[in-house]
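Here are my notes on the model you asked me to look through. I have kept them as numbered points, so you can follow along with the structure open beside you.

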Amino acid sequence: MTHIKSNPFSFIVFLLFSASILSSAEKCSQSGAAVGNADLATPLDELLFNHIKGLGDIYAKDEIWKGYAYNSYRQYFVHFTEKGPDRAFVINPPTPPQGAIRLDAKEGKGLEIYRYDLRMKEAHDLVFGSEGNGTFEFTFDIAGNNYYLQTYSDDLAEGSGDTSRAVSFSTHELFHRYQDNWENVPGSKQDFDNFPLSKELLELQILCQEIMKELPSYPTEISALKKILRQYVAIRSKEMELDPTPDELIRNHELYQEQMEGSPKYIETMGNMQFFTHSGNPVHFSYSIFEFSIETQAEVRSMMGQSVYYGTGPGAIYILDRLGVNIEAMEQGKTPYELAKTYLNMSHWEQDQALQEAKAIKNWPEIQAKAREWMVLK
Ligand SMILES: [Zn+2]
């Protein structure tokens with residue numbers, strides 16, 4: 001999740017924000033430790049805390065994923081401008097680190113948040129250093145305790161136009177932390193480099209993405225959702241038959257990635273849908289593959305071996321949940337595919353039927369053409 005776009009509008013917003021916070025930042029540094037509580041956080045920080053609190057309350061209801069206690073994680077948020085880091089906050093420290101100042105309930109939105117700038121430079125250097133991903137680190141040690149570390153700028157949408165971007169990272173990445181306690185998927189492995197490419201596999205993988213591309217907004221009826229799940233199982237089963245790799249990477253990598261990235265993408269999207277209700281736009285886990293321009297074989301492999309699972313994984317999980325299947329069973333080392341296969345219990349004949357049904361999609365000839373086009377890329 002490090003894909004960042006920019007647009008001119010967000011830059012203007014960025015400038016406006018920068019101007020308005022500069023004066024309060026100066027006040028802060030001038031008055032030192034005697035600073036009043038009201039000056040610890042800017043309206044932008046409070047907006048982020050409001051998102052964190054709101055999403056946390058939604059996850060705490062255990063309706064999206066039973067057991068994911070987002071509210072309970074320790075986090076270190078570091079704000080930065082083009083000049084570097086200028087303020088930072090710890091959330092949920094077991095004991096407040098020395099020099100940390102507690103935000104009052106209004107500023108902290110009812111969360112346990114402390115202004116704590118002492119480590120922000122080091123944290124910022126880590127995230128933006130040669131090994132950093134420019135947004136977060138899973139672990140950052142403060143006074144002997146591990147924190148999830150994330151940087152944020154005045155543009156909480158990070159130029160994406162998506163208000164929830166900053167908090168989405170946090171809810172998503174901390175769900176990966178939550179996954180640390182899950183049982184392994186037997187045989188699973190991440191092997192992006194050797195992910196198989198063949199025309200037949202590409203056709204099926206693009207098809208799978210296409211049948212799921214409008215979830216979770218569309219379709220809404222259970223019968224239509226179940227039909228998509230049947231087609232999903234049929235497509236992935238066929239892919240496994242065609243898998244040329246000795247390590248069975250369709251089963252051991254693809255289906256595993258759908259669990260690994262599908263579940264955080266699922267909770268992230270479902271949480272956002274509940275919290276950011278002001279947007280009436282349809283929500284999709286992913287996009288049509290046809291919207292991307294792919295020019296090299298490495299890009300094809302990265303798209304099919306990595307990116308698509310952020311769409312098909314949550315898509316399958318969403319349908320399973322709508323059908324009443326216990327999706328938390330994934331914590332016992334199950335993939336969305338396995339849960340779907342067991343639930344649907346289709347015969348070979350039914351799977352063949354479902355595969356034919358899927359291929360009756362109106363752009364099947366374009367899917368085949370796309371697969372041919374990608375296979376000749378260097
Ligand atoms: Zn992820």
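1. Which residue takes a positive phi in the hairpin of β5 and β6? The residue is A143, with phi near 50°. The hairpin has 2 residues between its strands. Please keep in mind throughout that this is a predicted model.

2. Staying with that hairpin, strand β5 covers residues 136-142 and pairs with β6 in the antiparallel sense, over 5 bridges. If you would like a residue pair to look for, F140 stands opposite Y147 in β6.

3. Strand β6 also pairs with β1. Strand β1 runs over residues 75-81, and its pairing with β6 is parallel, over 5 bridges. Here V78 has T151 of β6 as its bridge partner. So β6 has an antiparallel pairing with β5 and a parallel one with β1. Strand β6 itself (residues 145-152) is mostly covered, with 6 of its 8 residues buried. As a general reminder when you look at strands, side chains in a regular strand alternate between the two faces of the sheet.

4. Now for the chain as a whole. There are 14 helices and 6 strands in its secondary structure. Of the 378 residues in the chain, 40% are buried. Taking the contacts between residues at least 6 apart in sequence, 74% join residues at least 24 apart.

5. One residue to click on is V167, which sits in helix α5 (residues 165-179). Is V167 buried or exposed? V167 counts as buried because there are 28 C-beta neighbours inside 10 Å, and the cut-off for buried is 20 or more. Neighbours within four places in sequence aside, V167 is in contact with L48, H51, I52 and L55. The C-alpha atoms of V167 and F49 are 8.9 Å apart, although 118 residues separate the two along the chain.

6. Helix α2 (residues 43-60) deserves a look together with helix α9 (residues 262-275). The axes of these two helices come within 10 Å and cross at roughly 110°, so α2 and α9 are roughly perpendicular to each other. Their crossing is right-handed. On the α2 side, the contact is made by G54, L55, I58 and Y59, and on the α9 side by G271, Q274 and F275. By type, these contact residues divide into 4 nonpolar, 3 polar and no charged. L55 of α2 may look familiar: L55 is also among the contacts of V167.

7. A second helix pair is α7 with α12. How do the axes of α7 and α12 cross? They come within 10 Å, at an angle of roughly 115°, and that makes α7 roughly perpendicular to α12. This crossing is left-handed. Helix α7 brings L229, R230, Y232, V233 and R236 to the contact, while α12 brings Y337, A340, K341 and L344. The residues of this contact divide into 6 nonpolar, no polar and 3 charged.

8. Please check the loop between α6 (199-212) and α7 (222-242), where P216 is found. The peptide bond joining L215 and P216 is cis, with omega about 5°. P219 has its place in the loop between α6 and α7 as well, and the peptide bond from Y218 to P219 is cis, with omega near -10°.

9. Two non-glycine residues with positive phi are also worth a visit. K109, in the loop between α3 (105-108) and β4 (113-115), has phi near 55°. K109 counts as buried because 20 other C-beta atoms lie within 10 Å, and 20 is where the buried class begins. N345 is found in the loop between α12 (336-344) and α13 (348-359), and its phi is about 45°. N345 counts as exposed because it has 8 C-beta neighbours inside 10 Å, where 12 or fewer is the cut-off.

Methods: Residues numbered from 1 in each chain as written. Predicted model: local features only at pLDDT ≥ 70, side-chain atom pairs only at ≥ 80, totals over all residues. Helix = DSSP H or I, 4+ residues; strand = E, 2+ residues; numbered from the N terminus. Contact = placed C-beta atoms within 7 Å. Axes fitted to C-alpha atoms, helices over the stretch in contact; angles between N-to-C directions. Parallel < 35°, antiparallel > 145°, perpendicular 65-115°, else oblique. Left-handed = near helix turned anticlockwise from the far one by under 90°. Nonpolar A, V, L, I, M, F, W, Y, C, P; charged D, E, K, R; others polar. Pairing = 2+ DSSP bridges.
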